[in-house]
Amino acid sequence: MYSQPEPEPVKKTEGGGDDPEFVKRQEAKSSALDEQLKEYIAEWRKQRAKEEDDLKKLKEKQAKRKVMRAEEEKKMAERKKQEEERRVKEIEEKKQRDMEEKRKRLEEAEKKRQTMMAALKDQSKSKGPNFTVNKKTDLNMTSAQMERNKTKEQLEEEKKISLSFRIKPLAIENMSINALRAKAQELWDCIVKLETEKYDLEERQKRQDYDLKELKERQKQQLRHKALKKGLDPDQKSKSPPNMKDV
């Protein structure tokens, strides 16, 4: 704000009255100062209004940027969620495919096992030597090694899959008391049958172990007799195994 200068003292004329020219000059000077002050005030108000308008525009721009940033973050979070859901879905689908393939393999193995068990059962009923030579020993050893290399989690998973199609769920809903008793008797008969087959297989395994031991003993006696005929010490350990054609 500008202060208005003090007016000059009014000069007195000789007759005691005011000088008209001097008064006019003073009034003109005061009016010019008032106009200049009004221009300054108007310019200040104009500049202030411009600053307020710029500040308002800046705040609106910041608000728009904030809204846009929030929308971008929302879209990014949605894309991330969709990618995570797609990744989880792919993992689940792969897991289901692996489970289905493993189930099929185990089902085929179970069918072969049941066929082998039936063949062994029929063979145990027929007459003949108890000991049989298995030509697939190497393959069986390879399978055994593969089984040993499996982790505990893999074995548990395969066990669950195997039991899922070995043990069928019982449909006992809405069954009467008599039907439940009949079902329990059926399951008991099945358990007795399986235990009987288990006992037969264990006894057959014992006989095979005994026959194998007896066969090895006969082979040892033959080799000893062959060494005595050739004048060799049968108790001396040879560096190379004996020729089986000479047995």
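Trainee: In this predicted model, how many residues apart are Asp98 and Lys94, and in which helix do they lie?

Mentor: Asp98 and Lys94 both belong to helix H1, where they sit four residues apart, about one turn of the helix.

Trainee: What makes the contact of Asp98 with Lys94 a salt bridge?

Mentor: The closest N and O atoms of Asp98 and Lys94 are 3.2 Å apart, and the cut-off asks for a Lys or Arg side-chain nitrogen within 4 Å of a carboxyl oxygen of Asp or Glu, so the pair qualifies as a salt bridge.

Trainee: How do you know that the Glu186 contact with Lys183 counts as a salt bridge?

Mentor: Its closest N and O atoms are 3.9 Å apart, which is still within 4 Å and therefore meets the criterion; Glu186 and Lys183 both lie in helix H4 (residues 177-229), three residues apart.

Trainee: Why is Lys57 called exposed, while Asp53 is called partly exposed?

Mentor: Exposed means over 50% relative accessible area, and partly exposed lies between 20% and that value; Lys57, at 51%, is therefore exposed, whereas Asp53, at 34%, is partly exposed. Asp53 and Lys57 form a salt bridge, with the closest N and O atoms 3.4 Å apart.

Trainee: What makes Lys61, in helix H1 (residues 20-125), accessible enough to belong to a surface patch of positive charge?

Mentor: A patch residue needs over 30% relative accessible area and no salt bridge; Lys61 has 46%, so the accessibility condition is satisfied. Lys61 gathers with Arg65, Lys66 and Arg69 in that patch.

Conventions: Residues numbered from 1 in each chain as written. Predicted model: local features only at pLDDT ≥ 70, side-chain atom pairs only at ≥ 80, totals over all residues. Heavy atoms only, no water. Patch = residues over 30% accessible without salt bridge, like charges linked within 9 Å, V, L, I, M, F, W, Y side chains within 5 Å. Areas by Shrake-Rupley, 256 points an atom, 1.4 Å probe, with all protein chains shown as cover. Lys, Arg positive; Asp, Glu negative; His and termini not counted. Charge placed at Lys NZ, Arg CZ, Asp CG, Glu CD. Buried < 20%, exposed > 50% of the residue type's maximum accessible area, 1.4 Å probe, protein only. Helix = DSSP H or I, 4+ residues; strand = E, 2+ residues; numbered from the N terminus.
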